[in-house]
Amino acid sequence: MITVRQRRVGKSTDTAENQPPEEKNVKPDGKILSDHAGGKLWNRVSITVGGIIAISLGLLTSVYVATLHENDLWFSNIKEVEREISFRTECGLYYSYYKQMIQAASIQQGLHGLVYDNKTESVRTINILERMNVYQEVFLSILYRILPIQQYLEPVYFYIYTLFGLQAVYVIALYVTSWLLSGTWLSGLLAACWYITNRVDTTRVEFTIPLRENWALPFFAVQIAAITYLLRPRLQPVQERMTFTAVFIATFLFSLTWQFNQFMMLIQALALFILDCFDMLPTAKVTWLYIIQIAGLMLVCVLQFFNSMILGSLLISFNASVLIARTIQKNLKKGGLLNRLGKLILHVLLVLCLTLLINKFIKKILNLESDEHIFKFLKAKFGFGATRDFDANLYLCEEAFGLLPLNTFSRLSDTLLFYVYVFVLFLMAVAAVIVAFRNLSGSNQVEFMGKMEEFTVTLKPDAAYNLIHTVLFGCLALSTMRMKYLWTSHMCVFASFGLCSTEVWKLILKGVHLYTSQRAHVIKYSIPIITLLYISYKFWPGIMDELSELREFYDPDTVELMNWIKSNSPNTAVFAGSMQLLAGVKLCTGRTLTNHPHYEDKNLRERTKQIYQIYAKRSPEEVYGILRSFGTDYVILEDSICYERRHSRGCRLRDLLDIANGHIMDGLGENEPDLKPSLYPRFCEEIKKDLPSYTLRFTRVFQNKTFHVYKLAKHK
């Protein structure tokens, strides 16, 4: 049942949802019938215009980011190796599987190469489809092979244009969500404009094209739009079934394309749980949404060959716990305020305990340790004890996993987005608290509404969901900068909805005793139009300048390295080095790697830590033994890591290795008391001196200003 009450209409005529009295429809002059027909015509015209604007803005955004990408790299003019190098770090790894599928003799052979892959991790055969979310690359490569476009479009362009095309889907979904919430497409227009003008903080697709989030977030936005529509009152059964289907498809595609899907949907499930506890959403629909999340994730689990990390996810444990707890506490939403608060506290504790027990049980059965680095990172990040764990510190020292920088808010404020967002958030939060208290009070609700009808505060279920959604994802973004793109895009939706919402302006005007239906409508349209004019005036010249600015890709050292590897090393050679660089080595040369950037595997994390001893204070004998244990033929050393200055002392890669190895760090500064000096100098520095103990095992075969490649001796 829908427990959030809709505002009763008195004498005002500002709501379009109320049908005219039945007797008026049979008037002989037919005036009311004519007005009704005119209203339907106007609605159709408005929907058509709004839809055309939505599609146009989506396509324009797609063209905009594609143009920025071309202008920044001169992508159409550079060599293939340079194009591939532009897919940095893990982006290059994901794109390499698309390239591998394209170059395979047949689709079946390409799939076999992914399922039985022995080039991504040396001396080990792994299932890429099980380990990584690369079904989108598989699907796209098959599509490219079967469509008659090979003569007109290169594989790389088919790939990047698909990603830029998904940006159109993303913007349209944001537009529609805002339109559904406010009731006017003007709100969607404002949301899309904010998304574009705040591009630096809403997307990074133009320079990290293959990144998993660029595939996933458009589907997540579609899912939010579908949920927003689903939570509207008085939907027909057919509409509900179609919307549930849309939610399931979007949830499935989102889960299939991003390895962090379970954590994002856990936050979404938490939002549903909070609202359901306070009786602000229809319970039946919430139950179905829990089931859809589980079903979507389990289908992905099957496609990923029963990936244990999915089975052991907190989302499945949490959703199952909520459904079990409901069957145990059947009278949760009955009784007075104190009675319901007591039941609510017990319910939360029961769900929490069940979640931990179920998750612990699943991980024990499956012997699951794939995601332990995430929990170590979270434990250290939120101050539950310092850690010397290499993996946790690797995340802690990365800017992307740090707190959201304050200059983000100044950029968002330039477009007025942040100011409007805070204003709307405050009003909606106050309304949510009032409605939640009134719902928990139960028996006093009807009497209160009868006495204070004109001051009654309401919050529709769709608005309530988007409120909690933006609050929870806002907390995530504030704590972890990399996740800000989940928040800032929804910020555009939420702020534009509030600015174009009749309910918001009615609440404000009634609060200052200035409310009339006409005044609310004038403000509802005039303020957004003024905001749009301001954004256009201030940012249009900057966008035009940005589109006219031409740059060119330039990384001669990496190009030289990749060309040397292709020309001077066997196809079966195994390369060791930093995981970011090795992703490029696999893409550009097809050589076998010892490690790579997809970090969601315990064995790979341990292997990476061992390989990284090339930057630690270890003896040449130890480093040689480690590298040969992974079948290494060549090791690539990078001066940018060996002599790193990007991070401060304590966060440089060599410092993290020293701490993990129990050694004192280089340079001036404090060290923990139990750290001791190493018996050996730093390997990456000492090897360049060509001392006998090093040249016996390592021979320099390539060198430029950035990279040094050494070939390992074959003797034991």
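These are my notes on domains, one helix pair and one cavity in this structure. I kept in mind throughout that the model is predicted.

**Domains**

I started with the split of the chain. It gives domain 1 at 163-548 and domain 2 at 556-712. Next I looked up how far apart they sit: the centres of domain 1 and domain 2, taken over C-alpha atoms, are separated by 42 Å. For the contact, I noted 15 residues from domain 1 and 21 residues from domain 2.

**α3 against α4**

Then I picked a helix pair, α3 (residues 89-103) and α4 (residues 107-115). Their axes are 8 Å apart, and the packing angle is about 145 degrees. I logged the crossing of α3 past α4 as right-handed. Which residues meet here? From α3 I listed Tyr 97, Gln 100 and Met 101, and from α4 Ile 107, Gly 110, Leu 111, Gly 113 and Leu 114. Sorting the residues of this contact by type, I got five nonpolar, three polar and no charged.

**Second largest cavity**

On to the cavities. I found three of 30 Å³ or more, and I went into the second largest, with a volume of about 100 Å³. Its lining has 14 residues, and those closest to the centre are Tyr 170, Leu 174, Ala 221, Ile 224 and Ser 489.

Which helices each supply at least two residues of that lining? I wrote down α7 (155-182), α10 (212-230) and α23 (484-499). Of the contributors, α23 gives the most, with five residues.

I also checked the character of the lining of the second largest cavity: ten residues are nonpolar and four are polar. As in the α3 and α4 contact, where I found no charged residues, the lining of this cavity has no charged ones.

Methods
Residues are numbered from 1 along each chain as its sequence is written. This is a predicted model: local features need pLDDT of at least 70, side-chain atom pairs count only at pLDDT 80 or more; totals for chains, interfaces and linings use all residues. Side-chain values use heavy atoms; hydrogens and water are left out. On a 1 Å grid over the protein atoms alone, a cavity is a set of points where a 1.4 Å probe fits but cannot get out, and a pocket is an open set with protein on both sides within 12 Å along at least five of seven lines; lining residues have an atom within 4 Å of a point. Grid points are joined across faces, edges and corners, and a volume is the space filled by probe spheres set on the points. Helices (H or I, at least four residues) and strands (E, at least two) are DSSP runs, numbered from the N terminus. Ala, Val, Leu, Ile, Met, Phe, Trp, Tyr, Cys and Pro count as nonpolar, Asp, Glu, Lys and Arg as charged, and the others, Gly among them, as polar. Axes are lines fitted to C-alpha atoms, for helices over the stretch in contact, and angles run from 0 to 180 degrees between N-to-C directions. A crossing is left-handed if the near helix is turned anticlockwise from the far one by less than a right angle, and right-handed if clockwise. Contact means heavy atoms within 4.5 Å. Domain bounds come from an automatic or database domain assignment.
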